[in-house]
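Work through the exercises below with the sequence and the model open. Each task is followed by a solution in steps.

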Amino acid sequence: MRGVVLYGPGDVRVEERPDPVIVEPTDAVIRVAMTCVCGSDLWPYRGVEKIDGPSPMGHEYVGIVEEVGDQVTTITPGQFVVGSFWASDDTCEICRSGYQSACVHRVLMGLIGTQAERARIPWADGTLVATPETPPADLVPSLLAASDVLGTGWFAAVAAEAGPGKTVVVVGDGAVGLCAVLAARQLGAERIIAMSGTAPRQDLARAFGATDIVTERGEEGAARIKDMTGGLGAHSVIEAVGTQESMMQAIGSARPGGHVGFVGVAHDVALPGDDLFFSLVHLHGGPAPVRRFLPDLIEAIWTRRIDPGRVFDLDLPLEQAAEGYRAMDERRAIKTLLRP
């Protein structure tokens, strides 16, 4: 089969990879209908996150089940399925508490690589959620978004306790941040402030429910939020980048007693103890337990209450994956959809 492999910084190739097979009796093999490039894929692409030799890429996926192991009971060949970027059994004590991304048997799908024609899915019963039937073509991008960026943005909004009467600030205007805006609106937030300096992303943020746009960053951005909230700061702040500046901007934008939901993959983030101590903010986040939200997200997409697939503004065949990475790295695209 054809699949995307990263050889080093900026070196993306599409080449022949071994066809996936059932390894464990709890596995499934799917034919990938759509996959995509994630903002987190850009860390190794830029060389910030080191890789040890050629690495299969991709962790977001939807597709048709082709084969299942003999211990798989709820997923059957022919079903259209959506899965999380973490494979989980969904039965361990941690999963049952709603944190499938920390399942005691978890497998990171990025190690398998779903930017490919087919993929092996561990823990198929716990990881995959089938749609009611084969979806119409126009819903597939939104279902793909549910595999990671929508579920991650939703978790961030929940972690930040976005809800009725709340002012929510979103730090980061990538696909996750934009989906967090959508999630905050669906959760009933009264005011949603998207921090973005790029017109197309600002436009999509407004379409997803943002009421205000702030272009300032860092300490200036946090100060602007304080000005807009009577000097208090926001009730809920979502951090969707993963840098020192974005984390401190998020904490600085929250009011005492406020909640910060952080889902940006952290790189060299160190929290100053004094600043954190006197901020009196709640911090909660990490790798999103997307599986917790998948059934409800699929239902919302299926009934067309939400359309998160709009984050895909570049649609390419799998063979042009290198261009998809370049476009996102250069911020010419919010998120690249790849069609195997």
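A residue counts as exposed when its relative accessible area is over 50%, as buried when that area is under 20%, and as partly exposed in between. The model used here is a predicted one.

**Exercise 1. Two residues with positive phi**

Task: State where D268 lies, and decide whether D268 is buried or exposed.

Solution.
Step 1. D268 sits in the loop that runs between β15 (254-262) and α10 (273-279).
Step 2. The relative accessibility of D268 is 75%, so D268 counts as exposed.
Step 3. Most residues other than glycine have a negative phi. D268 has a positive phi, near 60°, and is not a glycine.

Task: Do likewise for L280: which loop holds L280, and is L280 buried or exposed?

Solution.
Step 1. The loop between α10 and β16 (282-285) holds L280.
Step 2. With a relative accessible area of 57%, L280 is exposed.
Step 3. Phi of L280 is also positive, near 55°, in a residue other than glycine.

**Exercise 2. The surroundings of Q244**

Task: Find the helix that contains Q244, and list what Q244 contacts beyond its neighbours within four places in sequence.

Solution.
Step 1. Q244 belongs to helix α9.
Step 2. Its relative accessibility is 27%, so Q244 counts as partly exposed.
Step 3. Leaving aside neighbours within four places in sequence, Q244 touches D268, V269, A270 and P272. D268 is the loop residue placed between β15 and α10 in Exercise 1.
Step 4. For a separation across the model, take E66: its C-alpha atom is 43 Å from that of Q244, and the two residues are 178 residues apart along the chain.

**Exercise 3. An enclosed helix**

Task: How many residues of helix α5 (residues 149-159) are buried, and what covers them?

Solution.
Step 1. The buried residues of α5 are V149, L150, G151, T152, G153, W154, F155, A156, A157 and A159.
Step 2. That is 10 of the 11 residues of α5, so the helix is largely enclosed by the rest of the structure.
Step 3. The cover over these buried residues includes the helices α4 (140-146), α6 and α11 (290-302), together with the strands β14 (234-239), β15 and β16.
Step 4. After α5 comes E161, with a positive phi near 55°.

**Exercise 4. Three helix pairs**

Task: Describe how α5 packs on α6, how α6 packs on α7 and how α8 packs on α9.

Solution.
Step 1. Two packed helices are described by the angle between their axes and the distance between the axes.
Step 2. For α5 and α6, the axes are 7 Å apart and the angle is about 55°. That makes α5 oblique to α6, as angles under 35 degrees count as roughly parallel and those from 65 to 115 as roughly perpendicular. The crossing of α5 and α6 is right-handed. From α5, V149, L150, T152, G153, W154 and A157 take part, and from α6, A175, V176, C179, A180, L182, A183, A184 and Q186. The contact of α5 with α6 has 11 nonpolar residues, three polar ones and no charged ones.
Step 3. For helix α6 (residues 175-186) and helix α7 (residues 199-208), the axes come within 8 Å and cross at roughly 20°. That makes α6 roughly parallel to α7. The crossing is right-handed. L178, V181, L182 and R185 of α6 make the contact with R201, L204, A205 and F208 of α7. Six of these residues are nonpolar, none is polar and two are charged.
Step 4. Helix α8 (residues 218-228) and helix α9 (residues 244-253) have axes 8 Å apart, at an angle of about 20°. That makes α8 roughly parallel to α9. Their crossing is right-handed. G218, A222, I225 and K226 in α8 face E245, Q249, G252 and S253 in α9 across the contact. This contact of α8 with α9 has two nonpolar, four polar and two charged residues.

**Exercise 5. The chain as a whole**

Task: How many helices and strands does the chain have, and how compact is the chain?

Solution.
Step 1. The chain has 12 helices and 18 strands.
Step 2. Its radius of gyration is 19 Å, close to the 20 Å from the globule rule for 340 residues, so the chain is as compact as a globular protein of that length.
Step 3. Along the principal axes, the C-alpha atoms fill a box of roughly 60 × 40 × 40 Å.
Step 4. Of the 340 residues, 55% count as buried.

Technical notes: Residues numbered from 1 in each chain as written. Predicted model: local features only at pLDDT ≥ 70, side-chain atom pairs only at ≥ 80, totals over all residues. Heavy atoms only, no water. Axes fitted to C-alpha atoms, helices over the stretch in contact; angles between N-to-C directions. Helix = DSSP H or I, 4+ residues; strand = E, 2+ residues; numbered from the N terminus. Parallel < 35°, antiparallel > 145°, perpendicular 65-115°, else oblique. Left-handed = near helix turned anticlockwise from the far one by under 90°. Contact = heavy atoms within 4.5 Å. Nonpolar A, V, L, I, M, F, W, Y, C, P; charged D, E, K, R; others polar. Rg over C-alpha atoms; globule rule 2.2 N^0.38 Å. Buried < 20%, exposed > 50% of the residue type's maximum accessible area, 1.4 Å probe, protein only.
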